[in-house]
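The following exercises concern a single protein chain. Please work through each task before reading its solution.

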Amino acid sequence: TNYTKALPSITARIELSDDTYLKLGMSRVMSRPPLNELKANRTISPIAPYNGGSGNPFLKPFEATQFDASYEWYFDEDSLFAVAGYYKLIDNYIGYAQRSEVINGNPYTLISPVNSRDPGHIAGLELTYQTPFNFIPGFEKFGIYSNLALVSTDIEEFVPTNDPMTMNGVAKTTGTLDLWYSDAGFEARLGTKYHSTYTVLYGWDSKALVRVEPETTLDFSARYNISSRVALRFQVGNLLDTPLRTYSDNKEDRRGRLDYYGRRFLFDVTVKY
């Protein structure tokens, strides 16, 4: 297929005061279909039950009209409070659907990728707060970085099922919290991340969607600059040994994966010439 798209965009940055800004944006964007969905072949069963699957070289790109707004307050050195929101109206989202076709005189049920007929939306709100603890005597070298993202959508993966999953890759809640220390060439950071349940695809079979259960991970890193040219770094990943848990068919009692990756330790030396 072929198409011509106009993708206008406009942004504005308004300085409310010396340390406060309002940023606005509006744009029309597009994303082309995955190459594996555009394949021009099909696979069918030679005997009953007659079923199969195929690609769809006539897929259209999915498009979105999106609006963004953010309020940013730089209230002190290395300090920020920000609130950002966005809304995306999405057309031509790609999913899977069933259709009937007679092949060699036999009635087949085929599954193939198609563009959705109805538009959908994604809306989100993101909060960010970071600052050194300058307001606490004796803790000026410590600080915090935090971020909370809240997302909602009415888009569902329309793989043929009676219980469709929510849009691939969208978690309703995602959070990050880092505590750090920095002084005289030494830096240390303890960070935790959380996400709620979301849909994901592992591999190239776009029908094989699964749900990833909520996860909380904890990481640590430390760095010391011996000189302007030599630095040491030590990291520990996944301190809580958090496993990956998934389930299939949107049913929590249908365990998909339970993977333990263990804790990861890294020590390196950096030398600049």
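**Exercise 1.** In which strand is the place of Ser-70? Determine also whether Ser-70 is buried or exposed, and list its contacts beyond the neighbours in sequence.

*Solution.* The model is a predicted one.
Step 1: Ser-70 lies in strand β5, which covers residues 62-76.
Step 2: The relative accessible area of Ser-70 is 14%. Buried means under 20%, so Ser-70 is buried.
Step 3: With neighbours within four places in sequence set aside, Ser-70 contacts Tyr-21, Leu-22, Lys-23, Val-83 and Ala-84.

**Exercise 2.** Describe how β5 pairs with β6, and place both strands in their sheet.

*Solution.*
Step 1: Strand β6 spans residues 79-91, and 12 bridges join it to β5 in the antiparallel sense. Within this pair, Glu-72 is opposite Ala-82 of β6.
Step 2: The open sheet has 11 strands, ordered β1-β2-β5-β6-β9-β10-β13-β14-β17-β18-β21, with antiparallel pairing.
Step 3: The edges are β1 (9-17) and β21 (264-271); each has a single partner strand, so one side of each lacks a neighbour in the sheet.
Step 4: From one strand to the next, the twist averages 10°.

**Exercise 3.** Characterise the chain as a whole by its secondary structure and its dimensions.

*Solution.*
Step 1: The chain contains 0 helices and 21 strands.
Step 2: Its radius of gyration is 24 Å, whereas a compact globule of 273 residues would have one near 19 Å.
Step 3: Along the principal axes, the C-alpha atoms fill a box of roughly 80 × 45 × 45 Å.
Step 4: Of the 273 residues, 32% are buried.

How values were computed
Residues numbered from 1 in each chain as written. Predicted model: local features only at pLDDT ≥ 70, side-chain atom pairs only at ≥ 80, totals over all residues. Heavy atoms only, no water. Helix = DSSP H or I, 4+ residues; strand = E, 2+ residues; numbered from the N terminus. Buried < 20%, exposed > 50% of the residue type's maximum accessible area, 1.4 Å probe, protein only. Contact = heavy atoms within 4.5 Å. Pairing = 2+ DSSP bridges. Axes fitted to C-alpha atoms, helices over the stretch in contact; angles between N-to-C directions. Rg over C-alpha atoms; globule rule 2.2 N^0.38 Å.
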